[in-house]
Amino acid sequence: IAIDGNFEEVCPEKVIKFKPPLYKQRYQFVRDFVDQHKPKKVADLGCGDTELLRLLKIYPCIQRLVGVDIDKEKLQSNGHQLSPYLGEFVKPRDLDLTVILYHGSVVERDSRLLGFDLITCIELIEHLDSDDLARFPEVVFGYLSPAMIVISTPNSEFNPLFPTVTLRDADHKFEWNRMEFQTWALQVANRYHYSVEFTGVGEPPAGAEHVGYCTQIGVFRKNSGKVTELCFPEQHDQHVYETVYKISYPSLQQEKMLKFVLVGEVLILVERLRLRQQRMLREQKDLCNDPDNTDSSGPPQVLLGAVFTEAEEARIENSPKPFCEGDKFFVPLQRLLAYPKVHRLRVTEERMRSLIADSVQLSSDGSAVMDDLYKSWDYQFEDY
């Protein structure tokens, strides 16, 4: 990409345009990192408009997601975007998730951020003045000491490719070249017993490969078995941040949500199995009325429209089968537990019985769900 010598008349967007946009590439880097390492507790320092948090909350491995920012108004105006959607109540997560936004400085110690698996600092450190930058490693690496840290910052060697750019943002206190960032990162990693690898996003245009990525990234991992020899008095129960927003997501770890999902799946299964039983009885009746019909293949042993693996089919077929007694239809709980959508809930037969007892009718011994074989609206499903 050629850059016009008359920088003042050249629009930066026309010179270099990243696809996807650079901020999305940074967020995607973190998403891929989370997908690979499956952290349970993640904090984003300098979370700003919380967009990265909104992207991360969908990951099933994360159970605690925290954002910290110095701009209280921005946190207040964006907190609602982290609320659960309706669909997340209808189809809840497997594991609990709590999302919290804290107002405060990233160079303050707050014990509620101890014990995290991953802390991200995306385009943060360049906003810190020299005093805060000096305190930053002591707080994040020394005090918080998470298992992994991802830090991104602009690569100043890329800046000449932008017309009239000295610093990319008016609030940036500095922008480092690759040597400066790597020197700082290696010193911090060595002091606090981390390893660090360098990468980046935003590839340079053809012919300018020597400048490196537009955004440089350091990935820090705590060395196993190493303890930072720093003393932090009253390390626990230091709550200096102000909680601006907090929400807990519905999950299958919560009994009311587990019951809601379980009862719903049981009702759907029982109804489908009841209708299949009707089809079986009709086919048997038709066979008796037509002796010349030699088709003895019988009805399908899986639910209409359902697709199961061989292992799932074997589990279902090895479980007690539904049966009729007069006009009553029974589906053993063990049969219901064999179907994938119920099986994945990982409940025992006893727990299942207690959860559904007040929502369905059970057999006298409690081993099966009981329903009427024929219902007044069945004519609507004659071709089901």
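In this predicted model, the side chain of Asp 110 reaches the backbone nitrogen of Tyr 241 at 2.8 Å. Asp 110 sits in a loop, between strand 3 (97-103) and strand 4 (118-122). Is this residue buried or exposed? Asp 110 counts as buried, because its relative accessibility is 1% and the cut-off for buried is under 20%. Leave aside the neighbours within four places in sequence, and Asp 110 is still in contact with Tyr 143, Leu 144, Gln 238, His 239, Val 240 and Tyr 241.

Now step to Tyr 143, one of those contacts. Arg 109 lies over the face of the Tyr 143 ring. The distance to the ring centre is 5.8 Å.

Next come the aromatic pairs. The structure holds 14 of them. Take Phe 181 and Phe 198: their ring centres are 5.9 Å apart and their planes meet at 75°, so the pair is edge-to-face. An angle over 60 degrees is what earns that label. This pair links distant parts of the chain. Phe 181 belongs to helix 7 (residues 178-191), while Phe 198 belongs to strand 6 (residues 194-201). The two are 17 residues apart. Their surroundings can be read from accessibility. Phe 181 counts as buried, at 0%. Phe 198 counts as partly exposed, at 30%.

Which residues join these two in one aromatic cluster? The cluster is formed by Phe 136, Phe 174, Trp 176, Phe 181, Trp 184 and Phe 198.

Ile 151 leads back to this cluster. Among its contacts, leaving aside neighbours within four places in sequence, are Phe 136, Phe 181 and Trp 184. Ile 151 also contacts Cys 121, Ile 125, Phe 141, Gln 216, Ile 217, Gly 218 and Phe 220. Find Ile 151 in strand 5 (residues 148-154). Its relative accessible area is 0%, so Ile 151 is buried. Look also at Glu 123. Ile 151 and Glu 123 are 28 residues apart along the chain, and their C-alpha atoms are separated by 7.4 Å.

Finish at Glu 51, in helix 3 (residues 51-56). Why does Glu 51 count as partly exposed? Its relative accessible area is 22%, and partly exposed covers values between the 20% and 50% limits. Not counting residues up to four places away in sequence, Glu 51 touches Tyr 23 and Tyr 27. Asn 78 is 27 residues from Glu 51 along the chain, with 8.8 Å between the two C-alpha atoms.

Methods: Residues numbered from 1 in each chain as written. Predicted model: local features only at pLDDT ≥ 70, side-chain atom pairs only at ≥ 80, totals over all residues. Heavy atoms only, no water. Helix = DSSP H or I, 4+ residues; strand = E, 2+ residues; numbered from the N terminus. Buried < 20%, exposed > 50% of the residue type's maximum accessible area, 1.4 Å probe, protein only. Contact = heavy atoms within 4.5 Å. Polar contact = N/O pair within 3.5 Å; in protein donor to acceptor, adjacent residues only side chain to side chain. Phe/Tyr/Trp six-rings, centres within 6.5 Å; stacked < 30°, edge-to-face > 60°. Lys NZ or Arg CZ within 6 Å of the ring centre and 35° of its normal.
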